[in-house]
Amino acid sequence: MSTAIQFDPIRLPSEAEALRKEVRAFLQDEIAAGTFDPNAVAASGFNREFSRKVGAKGWIGLTWPKKFGGQERSFLERYVVTEEFRVANAPVRGHFTADRQSGPTIMKYAQDHIKDDVLPRIIRGECSFCIGMSEPNSGSDLFAASTRATKTDGGWLINGTKIWTSGAHNSDYMIGLFRTSPSTKENRRHGLTQFLVKMGQPGITVNPVVQMTGIHEFNEVVFENLFIADDHVFGEIDMAWKQATSELAYERSGPERFLETFYVLPELVRVLGNKPDTRGAEGIGRLVAQLHTMRRMSVSVNGMLQAGKEPTLQGSLVKNLGTLWEQSLPSKARDLAAFSEADPGNRATFEELLQFATMIAPKLTIQGGTTEVLRGIIARGLDLR
Amino acid sequence: MSDSDNIIVDTTTRIFQDLCDPQTVNNAADDSWKQPLWDALEESGLTLAWVSDELGGAGVDITDGFDILRVSGSFASPVPLGETLLAGWLLSRVGVQPPTGMMTVAPQRADDRVTLGADGALSGTVRQIPFAANAGHIAILAHAGDAPVIALVAASDCAIAEGLNIAGDNQNTVTFDGVTPSVVKPAPDGLDARSLYMMGAAARSAQMAGALESALQISVAYAQERVAFGRPIGKFQAVQHNLAELGCEVAASAAASSSAADALQTALRKGDVFDQQIFLEVAAAKIRVGEAAGKGAAIAHQAHGAIGFTKEHILNRFTRRLWAWRDDFGGESAWAVELGAMVAANGADELWPLLASR
């Protein structure tokens, strides 16, 4: 009697731990130099100068083939870089999307001259990406996208609107999903094509959508007769649905999927002091146990991927559990700190971080695949669909 | 997983499939199925998996032993396989050849203690010893003064009170007053009552992970078969989402328990180094798998409707053992208080380095 939801107990290799030391030293230096403040969680997170420094260290495109300027190092090493940057609240927006998603898509589907042009710039930290998927009437239902790409001489004309596009205002490129044909009765996913869009041209208007935190991360991106040349098409026309994606498990299972509100936890520990009461100790203990388990699952998925396995179901399980956990952390911390009498200075930092985390919590189970969508994917993995 | 692991897992699975089929056991009028199962486990060497070759055991890796327990949990095994493995491990560590037959270990609770007096007799009462009434022998982590010793006693020499856990399995208060052990050996350096407590907690975590796998499998199969409102209930999104959540709990349990097993193997290989990292691993497993047991059992029952909480349906064999096992060798709350106290004493800035070290 056994359903195979296996998680091999994979440990990070020694080279990854050596890299961790380097990354920590680098981050400490940057914090000391005032490049960023690890407690300023509300800062925009986009810092091109910082991204360039990260690029110079060789930490962008770490796993990519050498012929594109990568280092062909393992996904477990990349894992360490990602988690250390995340825990330090380093401003990674200038390169994170390109590193995680866009670069791998380009390597797979772009024409050679585009690879040669773009990939080295990503690796140097000089080229940022956004993802143009959601639309006003197409969120979770990705295949309802209606922004049109119409064939014209030598290329395509784009018309329509993308929304919730993170970082569009700071991006050099978008990888956009546009409708090139109507869907068919047999396949409603048919008819969408991936394009590389150079941002900042006439025909593209980027309007900010400010979140309740006051942060400008999302945008509305309006296309009006934007011309895209034929060689900027990624993969087959109308077949984007097939191109999704072997990278999905990486995207779903990374440490960013459960560490987004992590900063609350050490502050909670600080506020409750060195000798918390039974309630406080139990609360911390449970949170730490849950987080440790999440991380062990996530490392395991990355290790299995590195070993050439395809833990697709495990990836979705990790993302679902991870995002729910990071979402619940602020409210649990609030409960546990309710009677704390730590010194007001500590409490002030905690309150500030908690406020911010409480306001970003709702988005964590929406962005990149809602809880409802993920549960559907898991149900399919369990043969219920 | 190496090939040898698979052989161990396959052998265990086959024996339980043949002799401990949950439906057959559930329908059985008496316990006559039990002895053949135990005999088969014993003949295959699984009961002494953690006993070295020289002492007549199978001498498998620590992680392989936890795999055996995961499989036994996936059949809601009502025999003291985990307890016998633990007892064999204790005895093997001091070079004592274990007796044949069922064994158990004491103490099980962190706050219970057995003392070895200068006269060579034991004293102390320990509570909730699993399967003490079934066991031929009890391996004890006792104290001579402050020094931990490992002792073996015949269960028939001890006062064993009647008692059952929520699953209906024996769980007994045992009094050792005046009992002279047949063997007493000083525990190896680094091995003490905490070591047994941690091994026991990891054993229960593995068993619960196995039981949760089965609870998921049974629930999914039921949802695919049971028709209501004109279609299988598994086609309803609400049911699918509940079962997806159960899948997440199964996944977390599998990851946490296998990680703790791996960590303990490392700790023992290093010479009984039970440091903070190992404590984190075991505590996290017992806490997280225990949480999954509660949540998972609830979802499995909800999916089954009324039939799930009848005696005739096999689900209760799994859920009642999940509820029982989460309490053994420290419940979630007990482990969480200890883990939280450790994290707090280390200070906020040490939290991430500790997590990242695993």
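These legends go with a set of close-up views of a predicted model.

**View 1. Chain B comes in two domains.**
Start with the overall split: the domain assignment for chain B gives domain 1, residues 3-186, and domain 2, residues 193-356. Going by C-alpha atoms, the centres of domain 1 and domain 2 of chain B are 22 Å apart. Where the two halves touch, 37 residues of domain 1 of chain B are in contact with 38 residues of domain 2 of chain B. About 3100 Å² is buried between domain 1 and domain 2 of chain B, and carbon and sulfur atoms give 62% of that area.

**View 2. Charged and polar pairs link the two domains of chain B.**
Let's zoom in on the pairs that cross this boundary. How many salt bridges are found across the interface of domain 1 of chain B and domain 2 of chain B? The rule finds 5 salt bridges there. For a salt bridge to look at up close, try Arg321(B) and Asp169(B), whose closest N and O atoms are 2.8 Å apart. Between domain 1 and domain 2 of chain B there are also 14 residue pairs in polar contact, counting pairs with both residues at pLDDT 80 or more.

Now for the domain 1 side of this boundary in chain B. Several elements each supply at least two residues to the side that touches domain 2 of chain B, namely helices H2 (22-27), H4 (62-74) and H5 (81-93) and strands E1 (103-106) and E5 (137-144) of chain B. The largest share of that side of domain 1 of chain B comes from H4(B), with 8 residues. Sorted by residue type, the side of domain 1 of chain B that touches domain 2 of chain B has 20 nonpolar, 12 polar and 5 charged residues.

**View 3. Strands E5, E6 and E9 of chain B pair up.**
Follow E5(B) into its partner, strand E6 of chain B (residues 147-154): the two run antiparallel and are joined by 8 bridges. To find your place along this pair, look for Leu141(B), which stands opposite Ile150(B) in E6(B). E5(B) and E6(B) make a hairpin with 2 residues between them. In the turn you'll find Gly145(B), with a positive phi of about 65°.

E6(B) also pairs with strand E9 of chain B (residues 183-186), again antiparallel, through 4 bridges. Here the landmark is Val149(B), which stands opposite Pro186(B) in E9(B).

**View 4. Chain B meets chain A.**
Next up is the boundary between the chains, where 60 residues from chain B and 51 residues from chain A take part in the contact. About 4700 Å² is buried between chain B and chain A, with 63% of it given by carbon and sulfur atoms. The count of salt bridges between chain B and chain A is 5. In one salt bridge, the side chains of Arg11(A) and Glu281(B) come together at 2.7 Å, N to O. Polar contacts cross the interface of chain B and chain A too: the rule finds 23 residue pairs, both residues at pLDDT 80 or more.

On chain B's side, the elements giving two or more residues to the surface that touches chain A are helices H6 (193-225), H7 (237-269), H8 (276-304), H10 (332-346) and H11 (351-356). Which helix gives the largest share of the side of chain B that touches chain A? That would be H7(B), with 19 residues. The side of chain B that touches chain A divides into 34 nonpolar, 15 polar and 11 charged residues.

**View 5. Domains 1 and 2 of chain A sit against each other.**
Chain A is divided into domain 1 (14-127), domain 2 (131-241) and domain 3 (248-381). This view looks at domain 1 and domain 2 of chain A, whose C-alpha centres lie 25 Å apart. At their boundary, 20 residues of domain 1 of chain A are in contact with 14 residues of domain 2 of chain A. Domain 1 and domain 2 of chain A bury about 1300 Å² between them, with 63% of it on carbon and sulfur atoms. Keep an eye on Phe46(A), Tyr109(A) and Ile114(A): they supply 29% of the area that domain 1 of chain A buries against domain 2 of chain A, more than any other three residues.

Note on methods
Residues numbered from 1 in each chain as written. Chains lettered and ligands numbered in written order. Predicted model: local features only at pLDDT ≥ 70, side-chain atom pairs only at ≥ 80, totals over all residues. Heavy atoms only, no water. Domains from an automatic or database assignment. Contact = heavy atoms within 4.5 Å. Buried area = accessible area lost by both parts, 1.4 Å probe. Salt bridge = Lys/Arg side-chain N within 4 Å of Asp/Glu carboxyl O. Polar contact = N/O pair within 3.5 Å; in protein donor to acceptor, adjacent residues only side chain to side chain. Nonpolar A, V, L, I, M, F, W, Y, C, P; charged D, E, K, R; others polar. Pairing = 2+ DSSP bridges.
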